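Let's take a walk through this one together, starting with how the chains meet and ending with the spaces inside. Keep the structure open as you read.

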Amino acid sequence: MNLLQEIIAHYNHWIIIFLMVSGLYIVVAHGNMIKKLVGLSLFQTSVYLLYLSPGKILGGTPPILSDQFTVYSNPLPHVLILTAIVVGVATIALGLALVVRINEAFGTIEEDEIFAEDEDE
Amino acid sequence: MTGETLIILALLVPTVGAALIWATAWNPNFRETTTLVTAGILFIIVLTILGRFLSGEPLATGTVPIAPGLELGFSIEPLGMLFACIASGLWIVNSIYSIGYMRGNNEPRQTPFYMCFAIALASTMGIAFAANLFTLFLFYEILTLSTYPLVTHKGDDSAREGGRTYLLVLLGTSTVLLLPAIIATAVIAGTLNFEPGGILAGKVSPTVLSILLAMFMFGIGKAALMPFHKWLPAAMVAPTPVSALLHAVAVVKAGVFSVVKVIVYVFGVETLAGAATAGWLLYIAGATILIASVVALKADNLKRRLAYSTVSQLSYVILAAAILAPISIVGASMHIAAHAISKITLFFAAGSIYTAAHLTEVSQLNGIGRKMPWTMGAFAIGALSMIGVPPTAGFVSKWYILLGAMDAQQWIAVGVIIVSTLLNAAYFLPIVYAAFFRAPDKKSPDHGEAPLPIVVALTVTAAGTVILFLFPGVPLALSKMLGLVGGG
Amino acid sequence: MISAHLPALQVVLPLLGAVVCAFLKRGSWAWLVALAVSLVLPAIALGLLYQTYEGGTISYALGGWRPPFGIEYRVDIFNAFVLVLVSVIGAVIMPYAKRSVEHEIPEDKQAWFYAIYLLCLCGLLGIAITGDAFNAFVFMEISSLATYALIAMGRDRRALLAAYQYLIMGTIGATFYVIGVGLLYSMTGTLNLADMANRLAGIEDSRAVLAALAFLTVGISLKLALFPLHVWLPNAYAYAPSMATVFLSATATKVAVYLLLRYFFSVFGVSVIYADLPVSWIFLVLSIAAMFGASLVAVFQANIKRMLAYSSVAQIGYITLGIAIANKTGLAGGIVHLFNHAIMKAALFMALGSIFFRIGSVRIEDLAGIAKRMPVTAGVFVVGGLGLIGVPGTAGFISKWYLGLGAIENGWWWLLMLIVLSSAIAVLYVGRVVEVMWFREPSPVAKKAEEPPLSMLLPTLLLTFATIYFGFDTFLTAHMADLAAQLLLTGGR
């Protein structure tokens, strides 16, 4: 019973872990380069949640000083993750740009086909 | 001039010489003059150092600290002095010979050849005067690297193959065995300086001592202790002057020189004599002597036979050092000198035959002594010295080694020396006999003596072989000083 | 006045330079800007090194926000050493870059190339200088994204593939790093590394902290190409433009090593790393696997750029071996190899880049006999190769000496033997190329080769000279590394 409660109480972690692992799985298992990037994006998103979910304090408000409130949420995780999202967007954009170029150069974006083509050289 | 300046000059002169050889490459006559002048100046410097040294002046340079425990420094001690004299003196003769040989055979790429030669000599001086193991190791490696291009000089498949073996064995043994041995010595002894009595004395257990000894002895691959001797026959693809000066004198003697130096100044003769676990070296050296002699007996290629003879003669030095008696150390030191001058004569003769008649095999030499009396006469003297027959230098050193062996009651060593003397006779005398007393083959080419520089060079060294027997003064004095150091 | 703001300038200058370059049209103008920036940076780094050597750790509050609330730039002797390394390499390759880039990058992309290069430089310097965990992540991604773009600019179409693969691996590594930082942040509530170290006291063995350590280690190890996380490296180095390969091989992995050491010693501390966890053993096994595995693979490469890349993986093994040996001498050996390997490998890749500049190939059959036409460049290759082997008289020997001494101090004689045995493999792969270059008949392309222009030759020679110089004078290398190791092992920050 205790174990079950423990598991349910940390539901946010389970979501994070699920996203994280499925993202990684897609990166590893798929040969299509776009799908790999999708997986990568999923993987990164899980980390955003990892930062954000502990940053939220139940009943807390944004940290604007006021007599009415005594419990504030920490804003720093949000700021950090804003930065991380920017980095993530840049990464995916660069990745997609590379895939476009690869498609132009090799005529395909399937990894196994590219490797097969590479070996003929 | 201070002693320090002289030592540094001895290193600098051949290095600058190498640069000047490159600068004068446009005119072969200038270039060869540069080589000769450099060799001459170097010999004068070494003789000056010798004079100072014999008058009792302590000669050493300051040290340059590199890292904790690592220092670059030079100092003069008897064995190094002897080695430097031999190498620099024979360089002059060898340069004269080289000119005759390289021009006589129209060898390509002569400028790099002479440059590498000069650098090899500079590193030989560095080895001879090294004041500590690091300095020795540094120049030891430079010597390997600077002689590698000389081995692959011809640039064909067999030369590359030989060069590969040469580099792999020499760099391999020094990296895998010698370097860790040096690092271990630095840790155990706290210093790398060569000191009379040995820096490891009283600091290691017999087991560690034995392991370290093995790492040093096999790590110094240039000493060609079996089974790390293959590089020497492989190096015979090089032009003969290289085989003569480097693979009969500078490189191989750097090997046995390092061996003796390590035994005397790193381990200490008494430490080794007191350790029951160090006796194996004697047997390995003895085995190398006998096996190499048997291989030499079967080799038909003349240079190959000489190479295996060198392998066996090098182990004489190691054997003598391993007997660990003061008098045998004298023998070891003397044998470095005696073998140097005799073996260079033999190689000169082999190169002379190749230049004049283009013959390389022992079986082709019937009656050649009638066409090339000077060459084969010199060859005969060199061969006698190898066997150890008076009046040649080889007799003197063998005498001391035998005395030492008997003194220490090392009967196995005595046996090895006697058997190997017979084997030496068996693989050298038939050549001399065939050259003078067999009728020449009918289809043997018509030729006379080799070019003059070659004949001059080999006559000088042959004469030297006899002179060293008649007047062994300075080398013997130096050797005895070393014996005193070794004996404590 | 300026000397107080050196830490900020170290990072801001290349960032501004990158922006300026991005607005320029002509490649040669962008080159001038990049050159000017690159030449100032080593002066700043040396200034910082001098300040820390004389006065101890510098703490710089970026934007005036007091640490641990604001971002702190914190320079001690160790990262000053890394800053010097990165900025000096950056300066030395700029003169070299001009002709090489003109040759390999289309005219309309050259300005972009320099902009990206300066961004990469900015990111690497930023990682090395910052004292803030998340800031380090941002800089890591700045440098990584720039690196992917640099690699993708290689002429071979496989460069795109290499860049893509590196992007996937690198992003996974960076994300692992952020996960680790996130866990540490949730445990300590701070991102300032020094503050974090204090607050970790007492909770080092909680599961979240250990998980953080694991994520950080794997994430950074991907960046530094620790065996077996190195698979992105050989292709990336082989197909990137020559100048990018030179720069990355000498700096990128080294900065990642710095970051790992920073976390291990300054944040978690010696006792967590060595006493509580088998970090030493893990790194020992992986380093030895790298030293042997990657060296053996290098022996069989036909593409010499790829061969050197595998050699880099092996040499990184020596650096991480310093972590495994875990005493001051060994760690100093690892750190000094960081520096020594950087200059040797940069010289080697520069020589190879010059050959590519002349003959358009780095395959071993095309290099045959090239020494006849390019003796100086081929000579550089020999010296650099000797450095890799660790021949005395080269910088590589000093590294091996320290590592060997460190191994013996632990009583690990077998490790000493493994170190020298793996060096012997280096004899094989270096010797193979040297023999082909010097002692074969020239290949058809090699016959037409000639020495590269002076602007390429001189920087190469400078690094070659440094390879020999630092084999004798070790004040700037081994002595500094020794101080850095001392600082790390005593938990200094």
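What follows looks at the chain contacts and then at the cavities.

One thing to keep in mind from the start: this is a predicted model. Begin with who touches whom. Two pairs of chains are in contact, and of these, chains A and C share the most contacts. Chain A and chain B, on the other hand, do not touch, and their nearest C-alpha atoms sit 30 Å apart.

Now zoom in on where chain C meets chain B. How big is the area buried there? The size of an interface is often given as the accessible area lost when the parts come together. For chain C and chain B that comes to about 2,700 Å², with carbon and sulfur atoms giving 79% of it. Three residues are worth picking out on the chain C side: Trp401(C), Phe439(C) and Phe472(C) supply 26% of the area that chain C buries against chain B, more than any other three residues. As for head count, 27 residues of chain C and 33 residues of chain B take part in the contact.

There are some polar links as well. The count of salt bridges between chain C and chain B is two. In one salt bridge, the side chain of Arg160(B) meets that of Glu435(C), at 4.0 Å from N to O. Three residue pairs make polar contact across this interface, with both residues at pLDDT 80 or more.

Which elements of chain C give two or more residues to the side that touches chain B? They are α16 (395-409) and α17 (413-439) of chain C. The largest share, 11 residues, comes from α17(C). Sort that side of chain C by class and you get 19 nonpolar, five polar and three charged residues.

Next, the inside. The model has five cavities of 30 Å³ or more, and the largest has a volume of about 120 Å³. To find the largest cavity, look for Leu124(C), Ile127(C), Ser143(C), Lys223(C) and Ala252(C), which lie nearest its centre among the 13 residues of the lining.

Three helices of chain C, α4 (110-129), α5 (133-152) and α10 (242-268), each supply at least two residues of that lining. The largest share is from α10(C), with five residues. By class, the lining of the largest cavity has eight nonpolar residues, four polar ones and one charged.

Notes. Residues numbered from 1 in each chain as written. Chains lettered and ligands numbered in written order. Predicted model: local features only at pLDDT ≥ 70, side-chain atom pairs only at ≥ 80, totals over all residues. Heavy atoms only, no water. 1 Å grid on protein atoms, 1.4 Å probe; cavity = no way out; pocket = protein on both sides within 12 Å on 5 of 7 lines; lining within 4 Å. Points joined across faces, edges and corners; volume = space filled by probe spheres on them. Helix = DSSP H or I, 4+ residues; strand = E, 2+ residues; numbered from the N terminus. Nonpolar A, V, L, I, M, F, W, Y, C, P; charged D, E, K, R; others polar. Contact = heavy atoms within 4.5 Å. Buried area = accessible area lost by both parts, 1.4 Å probe. Polar contact = N/O pair within 3.5 Å; in protein donor to acceptor, adjacent residues only side chain to side chain.
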